[in-house]
Amino acid sequence: MIGIKYNDKQFQVEPGLRVKEIIKQAEGGDSPNLLAVRVNGKLSDLNSVVDSDAQFEPVTFSESDGKSIYWHSSSHLMAAAVKKLWPDVRVAIGPSIDEGFYYDFDSEVPFTESELAKIEAEMKKILKENLPFIRKEIRRDEAIKMFEAQGEKYKVEILQGIADEMVSLYSVGDFTDLCRGPHIPASKKVKAFKLMKVAGAYWRGDEKNKMLQRIYGIAFPSQELLDEYLKNIEEAKQRDHRKLGKELDLFSLHEEHGPGLVYWHPKGAIIRKEIEDFWRAEHLKRGYDLLYTPHLAKVGLWDTSGHTGFYKDSLFPTMEMDHSDYLVKPMNCPFHILIYKTQQRSYRELPLRWAELGTVYRFEKSGVLHGLMRVRGFTQDDAHIFMREDQLDEELNRCLDIIAFMLRTFGFSDYEIYLSTMPDEHIGELAIWQRAEAALRTSLEKAGLAYKVDAGGGAFYGPKIDIKIKDALNRVWQCSTVQVDFNLPERFDVNYRGNDGKDHRVIMVHRALLGSFERFFGVLIEHYKGAFPLWISPVQVMVLPLTERNNGYAKELVDKFIGAGLRAKVDDGNDKIGAKIRTATMQKVPYMLIAGDKEQESRTVSVRKRTGEEERDVDPEVFLKMLVQKIKDREIGI
RNA sequence: GCCGGGGUAGCUCAAUGGUAGAGCAAUCGCUUCGUAAGCGAUAGGUUGAGGGUUCGAGUCCCUUCUCCGGCUCCA
C-alpha cells in the first residue's frame, strides 16, 4: 500500500492505480471540474499511474495552469479533427496561449470560413465520442522513425532538436502528437469551443521559412463562459479607437493619399493641444529645456548616426536637391546632439535635459499599420539627457518619476514594464552595461514599479526600460521608454570638459513618456471608450435650449462658460430635448445643461451628465466654479 | 514583406451574371416639444483603380492600390 494525500485527506491505496481512480476513492465519486493534478507539485495527467507515496493537488479551469492544459488539449482535438478531414495536412505546433489556443498546419487547402465550420463540426463529433488522451513514452529515434513514416516533417524537425532519449506522445482517437503534456483525461471535458480565426504564421516564427496556416480557437467548460467571452470581445470592439475616432470625429486616415499618416480633426486636435500644454509645462517645472529641430537633414548626418546602415529599410527614400541628398528624420537624437556640440560643454552645466515634440517619419512595412497605433508619421514626446556618469542614478530616477506621474495623470494602471538587458551583439564595455542596468533596476525599484526582465532584449547600443499599455483587445503597445545609449555619443564624439581639464564622454539617455502622440491618443480613446476626462474633453459643456424661446438664454450661458476658459457649445437645432440629449450623450460630452422656460425664469440650469445622472435648479456660477476646479485638478472622473 | 478575408452613397450595410437599394447623417419644409431618436420631402453612386471574359459585370478572371485579422518586424 502507498500513502496518498489529497485535499488534506490522508489515505492508503494499492500501488499502480490511475490518478483518477485514486481521486474517485478519495472523493467518493467523480470530480467533474478536475482536469489534471499536481503530484508532489508537478503537473500530471489524471490517466497517469501512481506507485509511490504522493501528495495530490487538484488542477481546475479556474487557475491558469488548468486553462493552459484545457486549451492545449483543445488544440490537439482540433488537430485531430483536421487530420480526419484532410489526412494529407501536416501538423506543426499547437500550444495554448493567453486566451485560447492555436495549431499551425501545412495544408494545400486554404482554410476559410467554410473549412472552419467543417472542422468545428468534426470536433463536436470527437467531443461526443469522449476519446481518452493516452500518454505513451518511446525512444526519440523511434519517434523520429514513426513521424517520418507518416510524413510529419515538422514533428521530425522538432524531435531532431530534442536532446532527451525518451519522448512522450499523446494520442486522442487516431491522432498521435508529440507532446510533453499533461492533458485533460478525455475529450468530453471540452464543453464549449469556437474556432475564432485563421491566419498565416511562419514555421518557427522565421520569415524565411514556409508560411503555415494557424487556426486560433477558444474553449470553455460551459456554454455560458463561452458566450460571456464572445460578448466581451464584442464589447471590446466597441472601444476600438478606429471606430470611435470616426464616430466622435477625432481623426482620419486617408489611404489614397498615404497610408499611416494621421489627420487630426478639430476635436482630436484640441485634445492633443491640451496634452501638449500640460506636457510642456510639466517639463519646464522639472528642469527640462524645450527644443525645435528641422524635419530634414542631408544623408551625411544619418550616415554618422548609423541610420542609413542599420535602419535603411524604414527610411523614406532620399530627396535630391542641388546635388545633395536629404532624408526625412526617423529620429530626433542627432539634431539634439548637433545643438549640444555647438559649444564646448562643461561638467558644471550637466545634466542637460532637452525635450522636443519631434515629428518623425518611418516607412513601416505595409502589413503592420494599425489605426493610430502603428503609423508612418508620428510625433514623439522625445527628450535626450546628456549627463556625467555620476549623474546616471539621479537622472533615471527622475525619468521614472515623470513617467509614473504622466501615466497616473491619464488614469493608467494596467501596463507592463520590461527591463531589457545586454544582447549578444552590442557595443560598449561590459562594466558600463552592468552599471547602467543596475541603475535602471534601482530606479524602477525606487519608483515602486513592478517589472519583468527581458534578458538580452536591449538595443545593441544600451539597456532600456519599456512600458507597454494594453488596448481594448488586450494587445500591448509600447508607450514610455527610457534608453541608455552608449553608441551615439561615440559616433558623434559627444564630450564635456571635466574638472580635471580633460574631455570625457557623456552618457546619453533617450526617453519618451507617451511614446508618440498618435499611439497614446489611440490608447487613450480605447481606455476611456471616448468618454475623456473633463480637462481634455473636446466639448466640455453642451447647452441644450428646450425651445426656440430659450436660445438667447442658452447662448448667454455658453458665453459665460467660454469666457471662463471652458469649451462650451449650444445645440440650438430643431430637435426635441430627448434627441439633443441623445446626440450629446453619444458624443460623450461630459455635461449637458438643459435650459427651458423654468430655468430661464429662475436663472438656473438643469445639469445632466453623460452618465445619465441629473440635477435640477443648479446655479450656473457655482457649477462653473466646480468645473474650473476639476479641470485644474485634471480629475479623471466627471 | 508574407498568408487569409474585404473595398458598393458621408457612415453602417443590402443586391441567384440581367434596371445599384435601405437605415442613419445631410438639405428643405412642418412641428416648439421637459431628460437617449417628432413627421414629411429632396438630394446623394464611373460599385477603390486599370485591364480582360460576356449580348450583359458590383458579381467571374488578371494586375494594382488599400483596409481588416494574424505572422515577421517595430531603432
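Two strands are said to pair if DSSP finds at least two bridges between them, and helices (H or I, at least four residues) and strands (E, at least two) are themselves DSSP runs, numbered from the N terminus. With that in hand, β23 and β30 pair in the antiparallel sense over seven bridges, and Asp382 stands opposite Ala512 in β30.

Before I go on, please keep in mind that this is a predicted model, in which local features need pLDDT of at least 70 and side-chain atom pairs count only at pLDDT 80 or more, while totals for chains, interfaces and linings use all residues. Residues are numbered from 1 along each chain as its sequence is written, and chains are lettered from A and ligands numbered from 1 in the order in which they are written.

Staying with β30, this strand also pairs with β27, again in the antiparallel sense, over five bridges, and here Thr481 stands opposite Ala512. A residue counts as buried if 20 or more other C-beta atoms, placed from the backbone, lie within 10 Å of its own, and 10 of the 10 residues of β30 are buried, so the strand is largely enclosed by the rest of the structure.

Where does β30 belong? It sits in an open sheet of eight strands with mixed pairing, in the order β18-β22-β23-β30-β27-β26-β24-β25. At the edges stand β18 (289-290) and β25 (452-454), each with a single partner strand, so one side of each is left without a neighbour in the sheet. Further in, β26 (residues 464-470) and β27 (residues 476-485) are antiparallel partners over six bridges, and Lys464 has Gln483 in β27 as its bridge partner.

By contrast with β30, helix α6 (residues 223-238) has zero buried residues among its 16, so it lies largely in the open.

Let me finish with the RNA, where a residue is near the strand if its C-beta atom, placed from the backbone, lies within 6 Å of it. Of the 57 residues around RNA strand B, those that come nearest are Gly200, Tyr311, Ser366, Gly367 and Gly596. Elements that give two or more residues to this surface include β14 (192-202), β15 (211-220) and α17 (577-586), and α17 gives the most, with seven residues. By class, the surface has 19 nonpolar, 18 polar and 20 charged residues, where Ala, Val, Leu, Ile, Met, Phe, Trp, Tyr, Cys and Pro count as nonpolar, Asp, Glu, Lys and Arg as charged, and the others, Gly among them, as polar.

Key
A residue is buried if 20 or more other C-beta atoms lie within 10 Å of its own, exposed if 12 or fewer, and partly exposed in between; C-beta atoms are placed from the backbone.
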